[in-house]
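Let's take a walk through this structure together. Have the sequence and the 3D view ready, and turn the view as you read.

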Amino acid sequence: MNRKSVKWPLIALGALILLALPWIIRDRYVQHLMVLSCISIILSSSWNLLAGYSGLLNLGHAAFFGIGGYTSALLALKLGLSPWIGLPLGGVMASFFGILLGIPSFRLSGPYLAITTIGFSEILRLVSMNWVSMTRGSLGLYGIPPFTPLKLSEKIFIPFTTEQNVYYIVLVFTVLILFLLKKLIHSEFGISLKSMREDEIGSESIGIHASYYKLMVFMISAFLAGFAGSLYAHYIRLISPEMLSLGETFSVLTMVMVGGLGTLGGPVIGAVLLTFLSEGLRFVEDYAKIDIRLIIYGLLLMLTILFMRNGIAGIWKEIIKPIISKPER
Amino acid sequence: MKRRSMIKMVLGGMLCLIILTYGTSLKAQESIPIGILGPFTGSLAFNAEEMKKGMILAIDEINAKGGVFGRKVELIFGDTEAKPDKGVAAVKKLITRDKVPVVGGGYASSVNIATSEVCQNEKTPIVVAIAISPTITNRGFDYVFRTSPNSPQFLAGMNEWLEKVKKPKTVAFLMENTDYGRDGEKIWSAQSQKVGAKELAHLYFEIGDTDFTTQISKLKELKPEVTFNIASTTEAALIQKQARELNFVTQWIGVGGQFTEAYFKMAGPLCQYAMGSSLEPTLAMKNPIVADFVKSYEAKYQKARPGIFSSQGYDNIMVIVDAIKRTGKLTGDLQKDRDAIRDALRKTSINLTQGKIEFDKNGQVYTVVPSPVQVQLADGKPQLSIIYPPDRAGSTYQEPLPWDKRK
Amino acid sequence: MRAPRRLVESLFLQQVFNGLIVGSLYCLIAIGLTMIFGVMRISNFAHGDFSMLGAYIALYFIAVVSGWFGWIGSLVAAAIGVGIIGFFVERFLFRRLLTRWTDIDIIMLSIGLFILLENGARLVFGPTPKMIPDPFGNTSVNLLVVSTSTLRLLSFVISCVAIFLLQLFLIKTKVGVAIRATSQNRNAALLMGINISFIYSLTFVVGSALAGFGGVLYGTIFAIFPTMGAMPTLKAFAVTILGGMGNIRGAIFGGFILGVAETLGGNYISMQYKNAIGFIMIILVLLVIPNGLFGEKQRT
């Protein structure tokens, strides 16, 4: 039995497990974490596209997340638009801002780009705090409508107000997006991105115009982040300027670094791990009466950079994979 | 191989933490759990600590007397981090995982608007402790109650004093850029128009800002008689300090939530003449219930002075436990118990440190009446004193003196 | 306490003055940041947290040695204390990345350090904000057309003196010149026999010590709390970018420019977006001049 023939049954099994999960795990709180994990996977993957595959350090990523959420929420609240339509529109709005941020990236790099992106998201955060007539300021937008129910027939009616049902929506989108990202990474576009990351000047010399690629990748990344933001808005049903804070970006960043920068699986591992870890650490708070959640985050990030630069996905590749794969005959 | 073992340690540690998480939810059902929300981390953490201390005092008293139905009462804390979405996650956990029959606590309006909506959807009664936005109790949610007065109620006494006694000609606003600040701003703006005062400026700042010299310099130029200043402890104290540095004098009026022990420690005698609306327990010592509370608090927490958050936390727990007691018994059927507690809460009528607690048809307490207070110096130390209405006043109002004339 | 009346009241001049005073603090913290970047190419997002640590060290020092002497002493104690911490941070954390020197790695490490320090401080010192008592007893000073507190005025003077002394150090002393040489051209410095390892440590120590020193001034004028380092970090980065990363003179100008821009912008344009002014400025500047107003020192 070679590796190819094992692949498809494994994938089918994996899909089955994922679909059956909410029926196996009935604890609503864990289901809630599963939904959050999926949304985080999309968000982390979008950041990974910029930092991991393109070498563009974006420390203002939370702004895209927030813009998507606010756009979709406002469309639903003020214009009565269906969240299903708001979902891609949130992404589109975010991608406009992605283009805005892409332009400075032509000439800036490293810390200059990083600070510009921070400035970008801080300015937008202040806007969402102060444009009270539109965003209700620090109070945030509450009472955001959930995804409109799907009517399959006269009698079959699926509402999206429970963790379980929303899980299926986000699962479908997560898988879809990961699949599309994989195609993108392995396409000519993706290879050009990687070459631009490694050596921008060299790539220019072989005809890869960095500006075009930077703009495109910011656009795509922002769209995905905004999409995740809309998903979040219609699930939690409330958003606030906090969504655009640096803390959110740092969260995403930690997920990707710990999971594995520049890999497809890295953001997935990191997002799931840190979502569950973060909630799991609450128990330490209850028993030891101290809050070490964020301290663990900081430590984890530092230890990862120092000792596990390629994250858990990197370790998989380096250590575990060589052990389990048989040498080709 | 040093790197590999380091990696193994980190991975192993993470795995352990995850396993431990899900092995710890097996708590004995002996005690009655009450979910408590609060910003126990983040910028408002120290105020949440005050609330917590008052609550723990209440729980100890209750358990010392045998608990409820022979069972101990236990508080399960959920950290909202002062962020609405984290608050939603925290309250969901309390409701679905910890299966609490009732939720209490809560501080900061924006968070509580969100968490109370979740409780309503989940049909779990929630008694909000410290938040003043009117929205919380005017959405027709029957599972939502609040033991704190809302902002119009909170400021009613102060507004009456402004109208009948102070009658300012010019006012200005220096507000925290949050719903706490903006709600109060709306109320006072309306009141200013009512008394015919000119609104000279509306200035803002963020929570976490430390430098207010730009705003104060501008205010100094405009010379308002009264400056409405809604801020929390740190910012409020810094504003007083910086007003001194810039030699700015005005009648500062706030909501009153800033008059915590930390505030007085930070501002010292500089906050003399500042005013607010307060439920400060140490001002109501004539009431035996309050006197007992203050005494027990000081005994338990080594001379720490109980402030408004501690007494509100205490009252919050007492109201909840009183309602649980009045249900007669807890059946063990979670939804039945939650509904029973909700019904019992509706009929609440109990005397506590804030005064009498009764809820109106919206679940809003309407029997608690804060009074306008002013900071006055006694032996060079700042003290709060009620200055209106005359039958409850502890002293008379003092007009703020210019800095060079103060001692 | 009688204070003489002001001759002429001018809001504009008052705001400019306020801005200069705050700007001097920004300078102190930004200079350390830009020095470290110039010599070692490290963008340290935890730099502001060094200020925070300095403030807490001062707090504990003053608890033991009070009064005038205590405050001055605490400035020294904070500088030394944070310098020592900086030494270990550089040696055992950043130095390890020396061989794989990508910007992303270093920035990530410093972000991790930032999260760790901020929350560690909250755990150890508690979230309640604390104050260092004003050694001048909250007096204020009227200078013709502007007024401020005695404390702020003196802090301004102290900051300027510190900056001046640093410039002297960098220009007149052998070690200082070595630092500048390394910043300009590392390989040439190596060839000239300069001990790069020693220079790295020294630069980081001096930069961090400056931050700690500034933290005490910050803490006395404002308040001390675990998250007080975040804003100064961002402001310091804005200043260094304005002035050109690695360019100390640029940082000095940038600090004052930012301080005044914030107070004037807050006063005349919008109080609510005061904190955004710094970011708006750097975005505008960078769009036109990608290396900052005064340009980055070129490195090979």
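With 300 residues, a compact globule would have a radius of gyration near 19 Å, and chain C has 19 Å, which agrees. Keep in mind as you look that this is a predicted model. Along its principal axes, the C-alpha trace of chain C spans about 60 × 50 × 35 Å. Of the 300 residues in chain C, 57% count as buried. The contacts tell you something about how the chain meets itself: among those in chain C between residues at least 6 apart in sequence, 76% join residues at least 24 apart.

What is chain C built from? Its secondary structure comes to 11 helices and 2 strands. If you start at the N terminus and follow the elements of chain C, you meet them in the order α-α-α-α-β-β-α-α-α-α-α-α-α.

Now pick out one of these helices, H6 of chain C, which covers residues 174–184. Which residues of this helix are buried? They are C:Ala178, C:Ile179, C:Thr182 and C:Ser183. Try looking down the axis of H6(C): its buried residues fall within an arc of 135°, so they line one face of the helix. And what covers these buried residues of H6(C)? The cover includes four helices of chain C, namely H1 (11–40), H5 (150–172), H7 (186–191) and H8 (196–221).

Let's move over to chain B. Here strand E1 (residues 32–38) and strand E2 (residues 73–79) run parallel, and 7 bridges join them. To see one pairing for yourself, find B:Pro33; its bridge partner in E2(B) is B:Glu74. Helix H2 of chain B (residues 45–64) joins the picture too: E1(B), H2(B) and E2(B) make a right-handed β-α-β unit.

Step back to view chain B in terms of its domains. The domain assignment gives domain 1 (32–149 + 288–358) and domain 2 (152–278 + 371–405). The C-alpha centres of domain 1 and domain 2 of chain B lie 29 Å apart. Where the two touch, the contact takes 15 residues from domain 1 of chain B and 17 residues from domain 2 of chain B. On the domain 1 side of this contact in chain B, H2, helix H4 (109–121) and helix H11 (308–326) each supply at least two residues. Which helix gives the most to that side of domain 1 of chain B? H2(B) does, with 3 residues. You have met this helix already, as a part of the β-α-β unit with E1(B) and E2(B).

Terms used
Residues are numbered from 1 along each chain as its sequence is written. Chains are lettered from A and ligands numbered from 1 in the order in which they are written. This is a predicted model: local features need pLDDT of at least 70, side-chain atom pairs count only at pLDDT 80 or more; totals for chains, interfaces and linings use all residues. Two strands pair if DSSP finds at least two bridges between them. A crossover is right-handed if, with the strands pointing away from the viewer, the path from the first strand over the helix to the second runs clockwise. A residue is buried if 20 or more other C-beta atoms lie within 10 Å of its own, exposed if 12 or fewer, and partly exposed in between; C-beta atoms are placed from the backbone. The arc is that of the directions from the helix axis to the C-beta atoms. Two residues are in contact if their C-beta atoms, placed from the backbone, lie within 7 Å. The radius of gyration is taken over C-alpha atoms; the globule rule is 2.2 Å times the number of residues to the power 0.38. Domain bounds come from an automatic or database domain assignment.
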